[in-house]
Amino acid sequence: MTVQPHICLTPEQVSERVVLCGEPARVDRIAALLDNPRLLADNREFRSMSGTFQGVPVTVCSTGIGAPSAIIALEELRLCGATHFVRVGSAGALQPDIELGELILVEGAVRDDGGSAAHAPMAYPALANRHLSNAMENFLSSQPVRYHSGLVRSHDSFYRDDEMQVCEYWHKLGVLGADMETAALMTVGRIRGLRIGAVLNNVVRYGNDVQAGISDYVNADDALMQGEQLAIRCALYALSDCQ
Ligand SMILES: O=P(O)(O)O[C@H]1O[C@H](CO)[C@@H](O)[C@H]1O
Ligand SMILES: O=c1cc[nH]c(=O)[nH]1
C-alpha cells in the first residue's frame, strides 16, 4: 500500500474519476453534491474527499495555486489509478461579454506557465479531452444559462508590471479567460494518456480589478457562487456520463 507523498492517498482510496479544483475549501462544496462524502486526506494544499455521484465513485482533490502543485496532484492521483479529471476552477475574463458567474468550457489553453514547459516543448498543444468536453457541453446546453467555449491562458503571476498589456494582447487574440493550472493539467495529462477537461467560473470582468474580483469570490458573492455550483454539477455529470 504506497502512500503518495503529497496528496497522502493510496490507490485503494482514489476513484478513476476525479474533480480537481485550486482552493481546498471548494473540495467541501463539491463533495456536498456527492452521496456518502468522506474526507480522505488534508496535507499542504491537497485536500481530498470521496463519494459517489449517481452511483459512480468520484474523488475530489484540491491542487493549490499554479502549475507545479497541480502537476504534483495530477501525477500522484494517476499513480493511484485515476484516469478522468475535470478541473472546476475560477478564471478572469479576457473578453467583455463574459459576465460574472458565467462559465468557460475550455477547449484548449495557452501554455504561458512554467510547469508544462518542464514536460513538453511549447509547440505541444494543451487540449481538452473531447469526450469530457462533449459531456460537459451536453450538460450546459440543457441549462437556462449563457456559457462560453474556447481558449484560456494559463499563467504564473498576476502581479507583473505589464499585466494590463499582457491581458490586452491575449484579448486581441480571442482568448476567453485566464487561469493558472489548466494548461499544465492538459499538457501533462495528454502525455500520460489521461482524460482532462476544465470548466471555469468567471470571477473577474474583463478590465476590472483582479484583486477585488477574487476577494468577492472569497467572500462568497452570490453570482460567483451560482457559477461555481453550476460548474460543479457540470463536472460531476460529465465524469459520471463519459466513457
Ligand atoms: O480558483 P482556482 O481553481 O484556484 O483557480 C484560479 O484561482 C487562483 C488564483 O486566484 C488560481 O489557482 C487560478 O487558476
Ligand atoms: O483574473 C484571474 C482570476 C482568477 N484566476 C486567474 O488566473 N486570473
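Which strands and which helix each supply at least two residues of the shell around ligand 2? In this predicted model, the elements that do so are strand E5, strand E9, strand E10 and helix H6, and their residue ranges are set out below.

| Element | Residue range |
|---|---|
| Strand E5 | residues 84-93 |
| Strand E9 | residues 177-179 |
| Strand E10 | residues 195-204 |
| Helix H6 | residues 210-218 |

Of these elements, E5 gives the most to the shell, with three residues. The residues around ligand 2 are Ser90, Ala91 and Gly92, then Ala178, Asp179 and Met180, followed by Val203, Val204, Val210 and Ile214. By class, this shell divides into seven nonpolar residues, two polar ones and one charged one.

An unreviewed UniProt entry carries the annotation "domain: Nucleoside phosphorylase" for residues 17-199. Over residues 17-199 the chain is 29% helix and 36% strand, and the C-alpha atoms at the two ends are 15 Å apart.

A further feature of the model is the packing of two helices. The axes of helix H3, which spans residues 130-141, and helix H7, which spans residues 222-241, come within 8 Å and cross at roughly 130°; the two helices are therefore oblique to each other, and their crossing is right-handed. On the H3 side the contact is made by Leu132, Ala135, Met136, Phe139 and Leu140, which meet Cys234, Tyr237, Ala238 and Asp241 in H7. Sorted by class, the contact of H3 with H7 has eight nonpolar residues, no polar ones and one charged one.

Technical notes
Residues are numbered from 1 along each chain as its sequence is written. Chains are lettered from A and ligands numbered from 1 in the order in which they are written. This is a predicted model: local features need pLDDT of at least 70, side-chain atom pairs count only at pLDDT 80 or more; totals for chains, interfaces and linings use all residues. A residue is near a molecule or strand if its C-beta atom, placed from the backbone, lies within 6 Å of it. Helices (H or I, at least four residues) and strands (E, at least two) are DSSP runs, numbered from the N terminus. Ala, Val, Leu, Ile, Met, Phe, Trp, Tyr, Cys and Pro count as nonpolar, Asp, Glu, Lys and Arg as charged, and the others, Gly among them, as polar. UniProt positions are given in the numbering used here, feature names are shortened, and annotations may be inferred rather than shown by experiment. Axes are lines fitted to C-alpha atoms, for helices over the stretch in contact, and angles run from 0 to 180 degrees between N-to-C directions. Angles under 35 degrees count as roughly parallel, over 145 as roughly antiparallel, 65 to 115 as roughly perpendicular and the rest as oblique. A crossing is left-handed if the near helix is turned anticlockwise from the far one by less than a right angle, and right-handed if clockwise. Two residues are in contact if their C-beta atoms, placed from the backbone, lie within 7 Å.
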